[in-house]
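Visitor: Hey, got a minute to walk me through this one? I'd like to start with how the helices pack.

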Amino acid sequence: MVAPAEKPGAGPPTVVIMAVTDAVRPAVRHAGIASEPGAQAALKPGDAAHGKALYLQSCVACHGADGTALAGHSIKDIKARIDAMQLSAWIKTPKPPMPKLFPSPYGAQDVVDIAAYAEGF
Ligand code: HEC
């Protein structure tokens with residue numbers, strides 16, 4: 001004799017649980033914390049003033065103070081093309097010859113700060 005709970009299809013509502021997880025994930029990603037498990041608590045909203053200091057250290061040589069120095073790759077209007085989250089992702093994984101400055105010398109919070117500054121050009 002088979003108990004009702006052991007019949008196929010009578011298990012827990014797995015699909016519902018997954019749907020909730022997927023619904024929550026974009027919000028987590030938007031906060032910029034999805035790629036750094038465990039770093040959630042450390043990340044604050046972008047500090048553009050700190051980002052500017054880092055930009056002037058590591059980005060200005062190529063992109064210029066207003067973002068227009070690289071012919072064909074102006075980032076002055078970057079805000080119109082990508083949001084701060086995408087900009088952070090780019091800084092973390094840029095296309096050569098742009099150098100990869102994450103995770104060193106810049107950590108996740110530094111990247112968020114630089115993105116906040118560059119979004120304000
Ligand atoms: C050695 C020179 C160099 C440095 C330093 C550099 N970049 Fe770049 N960056 C480039 C080049 C070259 C590209 C274009 C890459 C491509 O798409 O072929 C680029 C592309 C970009 C883009 C994308 C532009 C687009 O059109 O989508 C962003 C945003 C950007 N850089 C931001 C930064 C920031 C912020 C920093 C400092 C943390 C930085 N870059 C440092 C050379 C540099």
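**Helix packing and the ligand shell**

Guide: Sure. In this predicted model, H2 and H6 pack with their axes 7 Å apart, at an angle of about 95°.

Visitor: So how are H2 and H6 oriented to each other?

Guide: Angles from 65 to 115 degrees count as roughly perpendicular, so H2 and H6 are roughly perpendicular to each other.

Visitor: Which residues make that contact?

Guide: From H2 you get Ala 48, His 50, Gly 51, Lys 52, Leu 54 and Tyr 55. H6 brings Asp 110, Asp 113, Ile 114, Ala 115, Ala 116, Tyr 117 and Ala 118. By class, the contact of H2 with H6 has eight nonpolar, two polar and three charged residues.

Visitor: OK, and at what angle do H5 and H6 cross?

Guide: Roughly 125°, with the axes of H5 and H6 coming within 9 Å. That makes H5 oblique to H6. The crossing of H5 past H6 is right-handed.

Visitor: What's in that contact, by class?

Guide: Nine nonpolar residues, one polar and one charged in the contact of H5 with H6. Among them are Leu 87 and Ile 91 of H5, and Val 111 and Val 112 of H6.

Visitor: Switching topic: how many residues surround the ligand?

Guide: 20 residues do, and the closest are Cys 59, Cys 62, His 73, Lys 95 and Met 98.

Visitor: Which elements give two or more residues to that shell?

Guide: Helices H2 (48–58), H3 (60–63), H5 (84–92) and H6 (108–118).

Visitor: And the shell by class, how many of each?

Guide: The shell around the ligand has 16 nonpolar residues, three polar and one charged.

Conventions:
Residues are numbered from 1 along each chain as its sequence is written. This is a predicted model: local features need pLDDT of at least 70, side-chain atom pairs count only at pLDDT 80 or more; totals for chains, interfaces and linings use all residues. A residue is near a molecule or strand if its C-beta atom, placed from the backbone, lies within 6 Å of it. Helices (H or I, at least four residues) and strands (E, at least two) are DSSP runs, numbered from the N terminus. Ala, Val, Leu, Ile, Met, Phe, Trp, Tyr, Cys and Pro count as nonpolar, Asp, Glu, Lys and Arg as charged, and the others, Gly among them, as polar. Axes are lines fitted to C-alpha atoms, for helices over the stretch in contact, and angles run from 0 to 180 degrees between N-to-C directions. Angles under 35 degrees count as roughly parallel, over 145 as roughly antiparallel, 65 to 115 as roughly perpendicular and the rest as oblique. Two residues are in contact if their C-beta atoms, placed from the backbone, lie within 7 Å. A crossing is left-handed if the near helix is turned anticlockwise from the far one by less than a right angle, and right-handed if clockwise.
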